[in-house]
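Please open the model in your viewer and follow the stops below in order. Each stop proposes a selection and then describes what is found there.

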Amino acid sequence: MLILTRRPGERVVIGDEILVTVMGVSGHTVRLGIAAPEGIPIYREEIWLAVMEENRAAAEANVDALPAEKPAPPTERSSAPDAGDTAAQALERPQKPG
Amino acid sequence: MSVTFQSIRFGTVEIAQEDVIEFPFGLIGLGGLQYTLLDHNPGSGFHWLHAVDNAALALPVVSPYQFFPSFTLEIAAEDRERTGIEDTTGAELYVTVRATPNPADITANLRAPLLVRDGRGYQVINTNADAALQVPLFALPTQERIAS
């Protein structure tokens with residue numbers, strides 16, 4: 001691992017297109033500004049690790065580990081949707097391949 | 001035109017070309033650049049987000065609105081720029097599911113939903129503080145009845 005010492009306002013350049021700026025240091029907290037080409041995802045490590053773990057766990061599923069049908073839903077979920085719910089449902093257009 | 005791919009779960013699968021979803025950045029930690037949505041069992045609410053280019057790569061997904069009526073998505077400015085999706089109206093939204101044999105233990109990841117629009121898909125971070133990584137998909141009906 002490359003280890004560099006930088007002061008607030010100084011930068012590190014990664015490749016030709018990624019700029020990391022030390023915005024400020026306060027106690028144990030460092031604020032970083034990151035300029036990267038549009039499209040490069042940037043995550044805080046803990047959320048990246050957590051989502052990766054969830055994705056990998058999800059991808060281990062066997063077909064028979066999913067219920068063939070929905071278990072009996074609680075009554076509030078089977079009741080008629082209110083206005084907010086209708087707006088939400090309008091976002092959903094599941095594809096039906098095949 | 002159709003696309004045929006192999007699946008360790010479903011054998012040979014044939015889909016329409018327009019049902020291929022490009023994920024320019026793949027899924028976090030899993031990659032995969034092309035996926036499609038297959039129905040699990042009609043009426044179950046489950047779908048499989050299946051990689052077209054990897055026979056073993058598939059994740060169960062559901063529409064969050066179908067299981068979590070109060071679900072809301074808030075995405076950070078950088079995700080809006082990256083995906084080009086400023087307004088999620090008209091986008092399909094899915095969340096990944098951790099499957100287990102006991103339905104009560106099945107959870108959905110509301111923190112990192114999948115946005116699909118115009119044949120492109122992105123996994124984004126939901127910055128809504130209520131969106132947890134593991135939310136039980138099925139509330140226990142018995143508890144509801146006791147409560148009422």
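## A helix and its cover

Begin with α1(A) and display what lies over its buried residues: the cover includes β6 (58–62) and β7 (92–98) of chain B. The coordinates belong to a predicted model.

Select helix α1 of chain A, residues 45–58. How far apart should the ends of its 14 residues be at 1.5 Å a residue? The expected span is 20 Å, and the end C-alpha atoms are 20 Å apart, which agrees.

Within α1(A), colour the buried residues A:V51, A:E54, A:N55 and A:A58. These residues lie on the same side of α1(A), because they cover an arc of only 100° around the axis. An α-helix has 3.6 residues a turn, so residues three or four places apart point the same way. Then turn the view to the face of α1(A) directed away from the buried side, where A:E45 and A:E46 are exposed.

## The side of chain A that touches chain B

Now extend the selection to the contact between the chains, to which chain A gives 39 residues and chain B gives 51 residues. On the side of chain A that touches chain B, the elements that give two or more residues are α1, α2 (75–78) and α3 (83–90) of chain A. Which of the elements supplies the largest share of that side? α1(A) does, with ten residues. Colouring this side of chain A by residue class shows 23 nonpolar, six polar and ten charged residues.

## Chain A as a whole

Show chain A alone. Its elements are three helices and three strands, and from the N terminus on they follow the order β-β-β-α-α-α. Of the 98 residues in chain A, 8% count as buried. Among the contacts in chain A with a separation of 6 or more, 0% are between residues 24 or more positions apart.

Next, select the strands of chain A. Three strands form an open sheet in the order β1-β2-β3, with antiparallel pairing. At the edges are β1 (11–14) and β3 (29–35) of chain A, each of which pairs on one side only. On average, neighbouring strands of this sheet are turned by 25° against each other, direction ignored.

For a detail of this sheet, display β1(A) together with strand β2 (residues 18–26) of chain A: the two run antiparallel and are joined by four bridges. One pair to label is A:V12 with its bridge partner in β2(A), A:V20.

## The strands around β7(B)

Return to chain B and select β7(B). Is this strand largely enclosed or largely open? Six of its seven residues are buried, so β7(B) is largely enclosed by the rest of the structure.

Add the partners of β7(B) one at a time:

- β6(B) runs antiparallel to β7(B), with two bridges between them; B:V61 stands opposite B:T96 in β7(B).
- Strand β9 (residues 114–117) of chain B is joined to β7(B) by three bridges, and the two run antiparallel; B:E92 has B:V116 in β9(B) as its bridge partner.
- Strand β8 (residues 107–108) of chain B pairs with β7(B) over two bridges in the antiparallel sense; in β8(B), B:T107 is the bridge partner of B:R98.

## The hairpin of β1(B) and β2(B)

Move to strand β1 (residues 2–7) of chain B. How many of its six residues are buried? The count is zero, and β1(B) is hardly covered. Add strand β2 (residues 11–16) of chain B, which pairs with β1(B) in the antiparallel sense over six bridges. A hairpin of three residues joins β1(B) to β2(B). To inspect one bridge, label B:T4 and its partner in β2(B), B:E14.

## A loop residue in chain B

Finally, centre the view on B:T72, in the loop between α1 (64–67) and α2 (77–83) of chain B. Why does B:T72 count as partly exposed? It has 14 other C-beta atoms within 10 Å, whereas a buried residue has 20 or more and an exposed one 12 or fewer. As a last step, draw the distance from B:T72 to B:D118: their C-alpha atoms are separated by 21 Å, and the two residues are 46 residues apart along the chain.

Notes: Residues are numbered from 1 along each chain as its sequence is written. Chains are lettered from A and ligands numbered from 1 in the order in which they are written. This is a predicted model: local features need pLDDT of at least 70, side-chain atom pairs count only at pLDDT 80 or more; totals for chains, interfaces and linings use all residues. The expected span of a helix is 1.5 Å times one less than its number of residues. The arc is that of the directions from the helix axis to the C-beta atoms. Two residues are in contact if their C-beta atoms, placed from the backbone, lie within 7 Å. Ala, Val, Leu, Ile, Met, Phe, Trp, Tyr, Cys and Pro count as nonpolar, Asp, Glu, Lys and Arg as charged, and the others, Gly among them, as polar. Two strands pair if DSSP finds at least two bridges between them. Axes are lines fitted to C-alpha atoms, for helices over the stretch in contact, and angles run from 0 to 180 degrees between N-to-C directions.
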